[in-house]
Amino acid sequence: MAPRRRPTTDPGLRMSDGAFRLFRTLIEAEVGIQIPEAKRPLLVSRLARRLRDLGLDDFEAYYRRVTTDRDEAERARMFDLISTNETRFFREPKQFEFLERHVLPAWTEQAAQGRRPRSVRVWSAACSTGEEPYSIGMLLLSGLPGWEIEILGTDLSTRVLDRARAALWPIEKSQQISEPCLKAYMLRGTGEHEGCMKAGPELRRLVRFQRLNLHDARCEVDGRFDLIFCRNVLIYFSVEGRASVVRRLVERLAPGGYLFLGAAETLAGASEGLRSVGPAAYSLAERAAVPRRRQTLRSVLSNREEGTREAGGPRCS
Ligand SMILES: C[S@@+](CC[C@H](N)C(=O)[O-])C[C@H]1O[C@@H](n2cnc3c(N)ncnc32)[C@H](O)[C@@H]1O
């Protein structure tokens, strides 16, 4: 993640009231993110450098570029620039404890009784640089040994998705991961990756990534999910925007599935069929069985990784 900068308004680049209205309307209409007046300096600081790089004199010219000129790549880049990508491994640990103590044992028992397959599908919506889906992966690998596990990570930002696919983080992030998980699933970088930590192949092969705009009603993801994490993104949307997203997520929950929101987020009134079962965790009451899609195993990656060695032994630091 890029280091956080204090929002500063470039004195040479003033955003007029008219330009601010155009950008905030465009951004909310396309990706659901609301930009209140108080966030105008932040918007200006995030876009100003891009204007300079492109040699543009004012925000109106940049707006024309992403609208009238229909420069789709630049439009995607603009959304990249305005999104906040803060995340960490095992964020909101109580939700992971809830999964470990309640959900995984129940599923294990159901599988032993032949009441559910030994497979689990997970969607981490708005996954940022991947810490969330890889945390879920570590939990499931250790809690459901031998199960078929499939995790989809999606985000609006192609920049963070590239980083999530690389599965490479500064070694300081290892402090967010328990010692047993570090030893089992992470590799310590060497050579050009010195100072980094990389997800090992067993973990990486569980997770695939796809760009997806949660605000887009088409919601192009395949099948249903036993777990959906949609955390710390709804806060940027309007109440109506949140409710629409929650409804689409509920449509994607498998019977008996669980939805996890961020600690400060609510269902925004779209609570049909959901009941609160844990910390910002909701379950879908059992409904008419929906046939489970046949799971496909992705190709198994080689165990040999260039630029890494086993992270076992002392904690990465
Ligand atoms: C603060 S991060 C949350 C990351 C992770 N879920 C967590 O809780 O740690 C918010 C993420 O939402 C993404 N985002 C913002 N608007 C989005 C949208 N309309 N569709 C999909 N992702 C969006 C941003 O790109 C960013 O990566």
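Is Ser-174 buried or exposed? I would like to begin there, keeping in mind throughout that what we have above is a predicted model. At 0% relative accessibility, Ser-174 counts as buried, because the cut-off for that word is under 20% relative accessible area. Ser-174 is found in the loop that runs between strand E3, residues 168-170, and helix H8, residues 179-185, and from that loop its side chain reaches the backbone oxygen of Ile-171 at 2.7 Å.

Let me turn now to the ligand. There are 21 residues surrounding it, and the closest are Thr-87, Arg-91, Ala-126, Asp-155 and Asn-232. If we sort the residues of that shell by character, they divide into 8 nonpolar, 8 polar and 5 charged.

As for individual contacts, an N or O atom in the side chain of Asp-155 lies 2.6 Å from an oxygen atom of the ligand, while the side chain of Asn-85 places an N or O atom 3.0 Å from a ligand oxygen. With Glu-132 the ligand partner is a nitrogen atom, again with an N or O atom of the side chain, at 3.0 Å. Taken alone, the ligand exposes 610 Å², and the protein buries 99% of that.

Finally, a word on the cysteines. Cys-127 has 1% relative accessibility and therefore counts as buried, and Cys-181, at 11%, counts as buried on the same cut-off of under 20%. As for disulfides, if we ask for a pair of cysteine sulfur atoms within 2.5 Å, the count for this model comes to 0.

Methods. Residues are numbered from 1 along each chain as its sequence is written. This is a predicted model: local features need pLDDT of at least 70, side-chain atom pairs count only at pLDDT 80 or more; totals for chains, interfaces and linings use all residues. Side-chain values use heavy atoms; hydrogens and water are left out. Buried means under 20% relative accessible area, exposed over 50%, partly exposed in between (1.4 Å probe, protein chains only). A residue is near a molecule or strand if one of its heavy atoms lies within 4 Å of it. A polar contact is a pair of N or O atoms within 3.5 Å; within protein, one must be able to donate a hydrogen and the other to accept it, and residues adjacent in sequence count only if both atoms are side-chain atoms. Accessible areas come from the Shrake-Rupley method with a 1.4 Å probe; for residues, only the protein chains shown count as cover. Ala, Val, Leu, Ile, Met, Phe, Trp, Tyr, Cys and Pro count as nonpolar, Asp, Glu, Lys and Arg as charged, and the others, Gly among them, as polar. Helices (H or I, at least four residues) and strands (E, at least two) are DSSP runs, numbered from the N terminus.
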